[in-house]
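Trainee: I am new to this structure and would like a close look at one part of it. Could you pick a residue, walk me through its surroundings, and then set it beside a few others?

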Amino acid sequence: MQLLAIHGPNLNLLGSREPGLYGSASLEQINDDLRCRAGSLGVEVDCFQSNHEGALVDRIHDARGQVDGILINAGAYTHTSIAIRDALLAVAIPYVELHLSNVHTREPFRHHSFLADRAVGVICGFGAGSYGLALEGLVAHLRAQP
């Protein structure tokens, strides 16, 4: 089973960016942990980060026929990007939306997601642990499919 983890804008600054809100783990540490957890589940995960909406859309398109599922932390694009939503729907790859912080306890504009209604599930509020929970949930979902 091949998975793709997509990290959106500003996530390259994890570890130094507002650690009180997003934690002290760097994106590299999160990716390393994801790969390790994936290995223990018998799956592989490729990780991709960009601050550019078009690059995220392109990577989603490139995943078509290549991956079984997507973990996506689209960052602020979650609340603004119909293009990312359309890309996810176009490739028809099951995905889990995730966030480090609990977006529902934050500013009102963060309460709406353009991705959540078509996601397999949504995980938020567990810091870097959100990635592991999303990974386990997505793998369980994919394995339960006939």
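Mentor: Happily; we will begin with the whole chain, settle on H99, and then visit some other residues.

Please keep in mind that this is a predicted model. The chain holds five helices and five strands, and from the N terminus on they come in the order β-α-α-β-α-β-α-β-β-α. Its radius of gyration is 14 Å, close to the 15 Å that the globule rule gives for 146 residues, so the chain is as compact as a globular protein of that length. Along the principal axes, the C-alpha atoms fill a box of roughly 40 × 30 × 25 Å. Of the 146 residues, 45% count as buried. If you take the contacts between residues at least 6 apart in sequence, 76% of them join residues at least 24 apart. As for the surface, the chain exposes about 7000 Å², and carbon and sulfur atoms supply 51% of that area. There are 10 positive and 15 negative charges, and the mean positions of these two groups are 3 Å apart.

Now to H99, which you will find in strand 4, residues 95–99. Is H99 buried or exposed? H99 has a relative accessible area of 5%, so it counts as buried, the cut-off being under 20%. Its side chain makes a polar contact with the side chain of E97, at 2.6 Å. Look beyond the neighbours within four places in sequence, and H99 is in contact with N73, G75 and T78, as well as with I123, C124, G125 and S130.

A second buried residue makes a good companion to H99. L56 sits in helix 3, residues 53–63, and is buried at a relative accessible area of 2%. With neighbours within four places in sequence left aside, L56 is in contact with I6, H7, G8, P9, F48, S50, Y77 and I84. One of these partners, Y77, is 21 residues away from L56 along the chain, and their C-alpha atoms are separated by 10.0 Å.

Next, try A83, in helix 4, residues 82–91. At 38% relative accessibility, A83 is partly exposed. Not counting residues up to four places away in sequence, A83 touches E53 and V57. The C-alpha atoms of A83 and V57 are separated by 7.1 Å, with their places 26 residues apart along the chain.

The loops give us other surroundings to look at. T105 lies in the loop between strand 4 and strand 5, and is exposed, with a relative accessible area of 63%. From T105 to F126 the C-alpha distance is 13 Å, and they are 21 residues apart in sequence.

Finally, let us turn to the backbone. Most residues other than glycine have a negative phi. N10 is not a glycine, yet its phi is positive, about 75°. You will find N10 in the loop between strand 1 and helix 1, where it is partly exposed at a relative accessible area of 36%. A92 also has a positive phi, about 55°, although it is not a glycine. A92 belongs to the loop between helix 4 and strand 4, and with a relative accessible area of 63% it is exposed.

Note on methods:
Residues numbered from 1 in each chain as written. Predicted model: local features only at pLDDT ≥ 70, side-chain atom pairs only at ≥ 80, totals over all residues. Heavy atoms only, no water. Helix = DSSP H or I, 4+ residues; strand = E, 2+ residues; numbered from the N terminus. Rg over C-alpha atoms; globule rule 2.2 N^0.38 Å. Buried < 20%, exposed > 50% of the residue type's maximum accessible area, 1.4 Å probe, protein only. Contact = heavy atoms within 4.5 Å. Areas by Shrake-Rupley, 256 points an atom, 1.4 Å probe, with all protein chains shown as cover. Lys, Arg positive; Asp, Glu negative; His and termini not counted. Charge placed at Lys NZ, Arg CZ, Asp CG, Glu CD. Polar contact = N/O pair within 3.5 Å; in protein donor to acceptor, adjacent residues only side chain to side chain.
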